[in-house]
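Visitor: I would like to learn how to read the inside and the surface of a protein model. Where should we begin?

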Amino acid sequence: MASWLWDISTELISGNDTFYRMFGVQPPRPLSARKFFMTVHGADRKLAIGRLRRALASGKEYDGLFRTAKSGRWLLGRGRVHERDANGKPTVFLGINVDVTDAQLASDRTRLLLRELNHRVKNTLAMLQSLARQTLRQTSDPVAFMDAFAGRLQSLSEAHGLLRDHEWGVIRLKMLLEKQIMPYAIDFEQQVEVHKDEVQLGPDQAVGLGLVLHELATNARKYGAFSVPSGKVVITARVVVEDGQDVLNMTWHEMGGPPVAPASRRGFGSVLIERSLDKILGSSVHVEYLPQGVTAARRPPR
């Protein structure tokens, strides 16, 4: 805690060693009020001086939060008039400062996360409305609708849970693969083979790719490689450079499952697999229903 005393008659401010260290005054020595105010960050100086003047005029306690000009650290200030002359004019002002940088940075971080969360909630609600409409359009059976929609809702929830745990920053692809695929494999360790680079995904990428993986895993459980113990899915994920930017190339290949025949009509799940990355990553997914198993690969933009 820094403590300081302002002798208004001489306009000199002196303090303890912590005071000089906090405000970056070297060597430690008394300084004029004008020089002292210059140690306050320019963006906070006017407000800090105004509050100090109001405390002098009213006799009430000074209360301020500001940054120092030299280090940028946040200081909480308290003070009040300590002595007055015979006419009641202030002659000595006593103040203290406490470094609250860590608390202020945590508060700023919380506000940033709340803004990000608000943005995510709006995006998620819009996506849920679209998923509900499209799912309902494909079936008139309430039970089938709830089964399909609940699975997609769970996929979004899993992706959001990972992002929340990492403060809405980036997550590793491995985490997303395990969350979205493991519930549908009979034996994840034996049935899923992954060859990948170290890939990190942002929030939009994680949500979009999570939906694709959910649909592929669901189909594999119903009709493909995950429907039998001998089935297997091989996933490759490589980062390549396209037009000077890092791009994720990813393939999903099923083998060992029942023979596959293309569906007579394309359901919403197929559309979701092929198009869900388009708006987010500027690319789509190409799906082939080969007899030996479904293969899906990212299709780069044209």
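Guide: We can begin with the interior, keeping in mind that this is a predicted model. In soluble globular proteins, nonpolar side chains tend to be buried together. Here the largest nonpolar core has 40 residues, and those with the most contacts inside it are Leu176, Ile181, Leu201, Leu213, Phe226, Ile235 and Trp252.

Visitor: Which elements give two or more residues to this core, and which gives the most?

Guide: The contributors of two or more residues are the helices H4 (101-138), H5 (142-165), H6 (173-181) and H8, together with the strands E10 (232-242), E11 (245-255), E12 (284-290) and E13 (293-299). Helix H8 gives the most, with nine residues.

Visitor: Why is H8 described as largely enclosed by the rest of the structure?

Guide: The description follows because 15 of its 20 residues are buried. As a check on its geometry, 20 residues (203-222) at 1.5 Å a residue should span 28 Å, and the end C-alpha atoms of H8 are 29 Å apart, which agrees.

Visitor: Which residues does Trp252 touch?

Guide: Leaving aside residues up to four places away in sequence, Trp252 touches Ile181, Leu213, Leu216, Ala217, Ala220, Phe226, Val233, Val234, Ile235, Val294, Thr295 and Ala296. A second, separate core of 25 residues includes Ile8, Tyr20, Phe23 and Leu31.

Visitor: Which residues form a nonpolar patch on the surface?

Guide: Met1, Ile96 and Val98 do, with about 250 Å² of accessible area together. Val98 lies in strand E6 (residues 90-99), and it counts as partly exposed because its relative accessibility is 32%, between the limits of 20% for buried and 50% for exposed.

Terms used:
Residues are numbered from 1 along each chain as its sequence is written. This is a predicted model: local features need pLDDT of at least 70, side-chain atom pairs count only at pLDDT 80 or more; totals for chains, interfaces and linings use all residues. Side-chain values use heavy atoms; hydrogens and water are left out. Patches are made of residues with over 30% relative accessible area and no salt bridge: like charges are joined within 9 Å, nonpolar side chains (Val, Leu, Ile, Met, Phe, Trp, Tyr) within 5 Å. Accessible areas come from the Shrake-Rupley method with a 1.4 Å probe; for residues, only the protein chains shown count as cover. A salt bridge is a side-chain nitrogen of Lys or Arg within 4 Å of a carboxyl oxygen of Asp or Glu. Helices (H or I, at least four residues) and strands (E, at least two) are DSSP runs, numbered from the N terminus. Buried means under 20% relative accessible area, exposed over 50%, partly exposed in between (1.4 Å probe, protein chains only). The expected span of a helix is 1.5 Å times one less than its number of residues. A nonpolar core is a set of buried Ala, Val, Leu, Ile, Met, Phe, Trp, Tyr and Cys residues joined through side-chain atoms within 4.5 Å. Contact means heavy atoms within 4.5 Å.
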